[in-house]
Amino acid sequence: MAQQLLRILISITLIIGLAPSVHAKNIHYEGLRIEGDDSFNKQVIKVLKYMKQNARSEYEYVMKYIGRIRPGIPTSINTRARPPVCTLSEKTAFGDPMLCASALVHEASHSYLHQKYKGKLKRNELFAKTAGREAELFCINNSIKLLQKLGAPKYYIDYLKKQDGRHADVNKDGWYDYEDWKLLKQGKRKN
Ligand SMILES: [Zn+2]
């Protein structure tokens with residue numbers, strides 16, 4: 001159970017765009033566009049307000065590096081979209097606000113890396129810098145810092161500390177690529 005719950009802490013970088021949700025209602029919160037139904041939008045705002053109050057710098061980081069938030073599976077980010085689009089699964093959005101905040105910081109960190117290196121690297125190198133193992137460890141570390149600031153339960157942090165940054169490599173061939181993405185979409189990893 002705990003493993004399942006905590007999987008949302010280690011989300012991935014989106015490879016393919018997703019179709020818009022049927023019940024989507026776009027709303028704006030301090031410049032960020034949220035594109036779910038009423039309950040999803042309300043929930044995301046609740047988490048953002050929680051972050052703003054309790055972890056101001058991480059809140060600002062999320063607002064800077066994520067431009068849109070939408071519901072979907074898996075929790076992930078499209079760093080190439082303008083503005084970057086973060087997808088949040090229901091489990092992530094409606095679970096513990098601390099874990100949702102952690103997922104947002106994780107995804108914003110991928111977006112930060114993309115911004116930092118875009119235009120300086122070839123496409124494949126940029127993807128590796130943004131979504132490779134080292135990138136995942138960077139994102140995980142930012143989540144750890146946030147969770148520590150929020151006074152999260154020790155087992156949340158311990159779980160993240162045990163990650164090796166390879167969680168997106170579902171088929172364990174050493175790379176995170178389209179093959180892994182297909183497996184993720186088929187629910188081989190349910191978050
Ligand atoms: Zn990630």
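**Figure 1. Helix 3 and helix 5 lie oblique to each other.** In this predicted model, the axes of helix 3 (residues 56-65) and helix 5 (residues 97-117) cross at roughly 55° and come within 9 Å. That angle falls outside the ranges for roughly parallel, antiparallel or perpendicular pairs, so the two helices are classed as oblique. The crossing in which helix 3 passes helix 5 is left-handed. On the side of helix 3, the contact is made by Glu-58, Tyr-61, Val-62 and Tyr-65; helix 5 contributes Leu-104, Val-105, Ala-108, Ser-111, Tyr-112 and Gln-115. Sorted by class, this contact has 7 nonpolar, 2 polar and 1 charged residues.

**Figure 2. Helix 2 meets helix 3 at roughly 135°.** Here we stay with helix 3 and turn to its contact with helix 2 (residues 38-54), where the two axes come within 5 Å. This arrangement, too, makes helix 2 oblique to helix 3. Look for Leu-48, Met-51 and Lys-52 on helix 2, and for Arg-56, Glu-58, Tyr-59 and Val-62 on helix 3. The contact has 4 nonpolar and 3 charged residues, with no polar ones. Glu-58 and Val-62 may look familiar: they are also among the residues of helix 3 in contact with helix 5.

**Figure 3. Helix 8 has a buried side and an exposed face.** Three residues of helix 8 (residues 154-161) are buried, namely Tyr-156, Tyr-159 and Leu-160. They are on the same side of the helix because they cover an arc of only 95° around its axis. On the face turned away from that buried side, you will find the exposed residues Lys-154, Tyr-155, Asp-158 and Lys-161.

**Figure 4. Ile-69 is a buried residue of strand 4.** Strand 4 covers residues 68-71. Ile-69 has 27 other C-beta atoms within 10 Å, and 20 or more are enough for a residue to count as buried. Leaving aside neighbours within four places in sequence, Ile-69 is in contact with Leu-32, Ile-34, Glu-35, Val-44, Cys-86 and Leu-88. Arg-33 is 36 residues away from Ile-69 in sequence, yet their C-alpha atoms are 6.3 Å apart. For the wider setting, the protein chain has 9 helices and 6 strands, and buried residues make up 43% of its 191 residues. Of the contacts with a separation of 6 or more, 61% are between residues 24 or more positions apart.

**Figure 5. Two cis peptide bonds lead into Pro-74 and Pro-83.** Most peptide bonds are trans, which makes this pair worth a close-up. The bond joining Ile-73 and Pro-74 is cis, with omega about -10°. Pro-74 is in the loop between strand 4 and strand 5 (76-78). The bond from Arg-82 to Pro-83 is also cis, and its omega is near -5°. Pro-83 sits in the loop between strand 5 and strand 6 (85-88).

**Figure 6. Glu-30 and Lys-172 have positive phi values.** Most residues other than glycine have a negative phi. For Glu-30, phi is near 45°; for Lys-172, phi is about 55°. Glu-30 is found in the loop between strand 2 (27-29) and strand 3 (32-34), while Lys-172 belongs to the loop between helix 8 and helix 9 (178-185). Glu-30 is exposed, with 10 other C-beta atoms within 10 Å. Lys-172 is exposed as well, with 8 other C-beta atoms within 10 Å.

How values were computed: Residues are numbered from 1 along each chain as its sequence is written. This is a predicted model: local features need pLDDT of at least 70, side-chain atom pairs count only at pLDDT 80 or more; totals for chains, interfaces and linings use all residues. A residue is buried if 20 or more other C-beta atoms lie within 10 Å of its own, exposed if 12 or fewer, and partly exposed in between; C-beta atoms are placed from the backbone. Helices (H or I, at least four residues) and strands (E, at least two) are DSSP runs, numbered from the N terminus. The arc is that of the directions from the helix axis to the C-beta atoms. Axes are lines fitted to C-alpha atoms, for helices over the stretch in contact, and angles run from 0 to 180 degrees between N-to-C directions. Angles under 35 degrees count as roughly parallel, over 145 as roughly antiparallel, 65 to 115 as roughly perpendicular and the rest as oblique. A crossing is left-handed if the near helix is turned anticlockwise from the far one by less than a right angle, and right-handed if clockwise. Two residues are in contact if their C-beta atoms, placed from the backbone, lie within 7 Å. Ala, Val, Leu, Ile, Met, Phe, Trp, Tyr, Cys and Pro count as nonpolar, Asp, Glu, Lys and Arg as charged, and the others, Gly among them, as polar.
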